[in-house]
Amino acid sequence: MTDVIILGAGTAGLSAAIYAVRAGLSVRLLENGVCGGQILNSPDVDNYPGIPSISGFDFVQNLSGHAESLGVKPESVIVKSVELAGTVKKVHTANETIESRTMILATGASHRKLGCPGEDTFQGRGVSYCATCDGAFFRGKDVAIVGGGNTALEDALFLANSCRTVYLIHRREGFRAHQSVVDAVRARENIRLVLNATVDEILGDQFVTGVKLKNTQNGTISQLEVSGVFVAVGLNPNTDLFEGQLDLDGGYIRAGEDCHTSVEGVFAAGDVRTKPLRQLVTAAADGAVAAVEAGKYLA
Ligand code: NAP
């Protein structure tokens, strides 16, 4: 019987593991993808206090190295289902059932899709959800990035370093991204803003050749020739496993700053929980809080 099962080895999960182990709790850290989570896709992290600039990859190396130095070994498993209620929590994988006294849910969020024709057809053939991973394939070419949040604008800046022209397509005129990023984007000569536009279709033959755009104000249809389309239109929380077992709010796990969920002994940390600010620093903080709260519950 483990003290804590942590689901998800992103920033929140790894931070929770560090705090839990340091508090003397036994921990199993389960991850169904690559250890590190979403920040792996960030080319440059420049808002983590105390670290002026670091790549997402290096940040994860440091964080997972820290956890491993304390004896935490993330396990790569596909979780089939969970049982959250009661004093014994259970995780069912393909091969075993793992039991614990508490559970920290740090499953994060995944890329939202545009849902237009061509998106699935050309995924991996010009359509990408990760500028850091795939940007190098488009060196010297014209690309589009869709979205108006921090991810889209930061990715536009990253792509502008190697692509000829980056068209930033956004469905309205105001941006969700931080003002400093908006200013940086506006200052870049090879980023062109295509505002009040949505992508109606992604066009191509074998690979992407362009996008069909619809003006959101007058309905006019136009086309843009690009070799790549980067989609950065937000996130969907990874909570399918928990549906019907605890309170969700808009798909996110309902939990406050103490990370308590509606089920005793189950805590939510990071992007997966309801919160006003989804950042690396708040994910790390949640991990710490959730681990401490799990310790208090066990005590
Ligand atoms: P986000 O902030 O939710 O922004 C999503 C953007 O996509 C919005 O501009 C939205 O438009 C647009 N959008 C949504 N659905 C669309 C659709 N179907 N078609 C066209 N456009 C669509 O998502 P995000 O940029 O991925 O960021 C996620 C979270 O991570 C945020 O909390 C963000 O602050 C955080 N983050 C922080 C940093 C940083 O601090 N450096 C970096 C990356 C991400 P509307 O604005 O019109 O709704």
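For a chain of 299 residues, the rule for a compact globule gives a radius of gyration near 19 Å, and the protein chain comes in at 21 Å, so the two agree. The model is a predicted one. Laid out along its principal axes, the C-alpha trace covers about 60 × 40 × 35 Å. As for what fills that space, the secondary structure of the protein chain adds up to six helices and 19 strands. Burial was tallied too: 48% of the 299 residues count as buried.

On the surface, a patch of positive charge turns up where four arginines gather, namely R112, R171, R172 and R176. One of these, R172, sits in the loop that runs between β10 (165–169) and α5 (179–187). The relative accessible area of R172 is 37%, so this residue is classed as partly exposed, a label that goes to values between the 20% limit for buried and the 50% limit for exposed.

Another loop, the one between β17 (248–249) and β18 (252–253), holds G250. Here the relative accessible area reaches 70%, and G250 therefore counts as exposed, the cut-off for that class being over 50%. G250 can also be placed relative to P237: the two residues are 13 positions apart in sequence, and their C-alpha atoms lie 8.9 Å apart in space.

Put side by side, the two loop residues fall into separate classes, with R172 partly exposed at 37% and G250 exposed at 70%.

How values were computed:
Residues numbered from 1 in each chain as written. Predicted model: local features only at pLDDT ≥ 70, side-chain atom pairs only at ≥ 80, totals over all residues. Heavy atoms only, no water. Patch = residues over 30% accessible without salt bridge, like charges linked within 9 Å, V, L, I, M, F, W, Y side chains within 5 Å. Areas by Shrake-Rupley, 256 points an atom, 1.4 Å probe, with all protein chains shown as cover. Salt bridge = Lys/Arg side-chain N within 4 Å of Asp/Glu carboxyl O. Lys, Arg positive; Asp, Glu negative; His and termini not counted. Charge placed at Lys NZ, Arg CZ, Asp CG, Glu CD. Helix = DSSP H or I, 4+ residues; strand = E, 2+ residues; numbered from the N terminus. Buried < 20%, exposed > 50% of the residue type's maximum accessible area, 1.4 Å probe, protein only. Rg over C-alpha atoms; globule rule 2.2 N^0.38 Å.
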